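Q: Please take a close look at the cysteines of this protein, asking which of them are bonded and which are not, and then place them against the nonpolar interior.

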Amino acid sequence: NRAFRHLSTWEADSLFPHPEERTYKTDPRIQSSNKTYEFLRYICQGIDAIHEMGAELPQECILLQELSIRSRSFLSYHVPSYMRWLESCDMTPSYQWHKKALQYLQYKFKRDRWVLKNPHQFWSMDKFLDVYPDAVLVQTHRNVNDVLPSITSLCAKIQGCYTKKLDPFVVGEEMLTSLSCGINILMQYRHNNKWANNHFID
């Protein structure tokens, strides 16, 4: 649909210079991004079976939040002190950088709306809607028995590439605690702010 624009993996990996509509399918960063994922497949054997990867696939916009050093994507590296800090810090700068990045990316390739995926807004929906007051959010309601093993296996696989001391049960406990916290925060926010439900499609 030409009315919508998604975030491709290659442009999330390499923001600069501006992507251009006329060269969007032939940009040399596509090849560079694919080489990066070839290397990741080499050091993380079997990761493709858990999570499909590719330069031209839609990517979670959580990567844009890395510009502010406030991003849940860093949790893949297992730094408990960072996780504790992230869950208590002000996420406003993260979404401000996120918005600037999208504005930059659409400078030479614009559509009516962005269609983005990022389940990590749970923890700071108030800050997200402050920055994006016209956002429409689709909240899926999935069985936790499917979600938890999926996210745990992915995080454990990535963490296992960088450490020899990996306990998948610890990873599972951390993911369970984090997801439970995020879901509870979001549902409490929606309960306390009925107006915000106008932004949601369940």
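**Cysteines, bonded and unbonded**

A: In this predicted model, the sulfur of Cys61 lies 16 Å from the closest cysteine sulfur, that of Cys89, which is too far for a bond. Cys61 nevertheless counts as buried, at 2% relative accessibility. For Cys89, the closest cysteine sulfur belongs to Cys181 at 13 Å, again too far for a bond, and Cys89 is likewise buried, with a relative accessible area of 16%.

A search of the whole structure does find one disulfide, and this bond joins Cys44 to Cys161, with an S to S distance of 1.6 Å. Because Cys44 sits in the loop between α2 (28-43) and α3, while Cys161 sits in the loop between α6 (144-160) and α7, the pair ties together parts that are 117 residues apart in sequence. Cys44 is itself buried, its relative accessible area being 1%.

As for the nonpolar interior, the largest core comprises 31 residues, and those with the most contacts inside it are Leu7, Leu64, Met125, Phe128 and Leu129. Two or more residues of this core come from each of α3 (80-86), α4 (92-105), α5 (125-131) and α7 (168-192). Apart from it lies another core, of seven residues, including Tyr37, Leu40, Met53 and Ile158. Returning to Leu129, its contacts, leaving aside residues up to four places away in sequence, are with Ala135, Leu137, Tyr189, Trp195, Ala196 and His199.

How values were computed. Residues are numbered from 1 along each chain as its sequence is written. This is a predicted model: local features need pLDDT of at least 70, side-chain atom pairs count only at pLDDT 80 or more; totals for chains, interfaces and linings use all residues. Side-chain values use heavy atoms; hydrogens and water are left out. A nonpolar core is a set of buried Ala, Val, Leu, Ile, Met, Phe, Trp, Tyr and Cys residues joined through side-chain atoms within 4.5 Å. Buried means under 20% relative accessible area, exposed over 50%, partly exposed in between (1.4 Å probe, protein chains only). Helices (H or I, at least four residues) and strands (E, at least two) are DSSP runs, numbered from the N terminus. Contact means heavy atoms within 4.5 Å. A disulfide is a pair of cysteine sulfur atoms within 2.5 Å.
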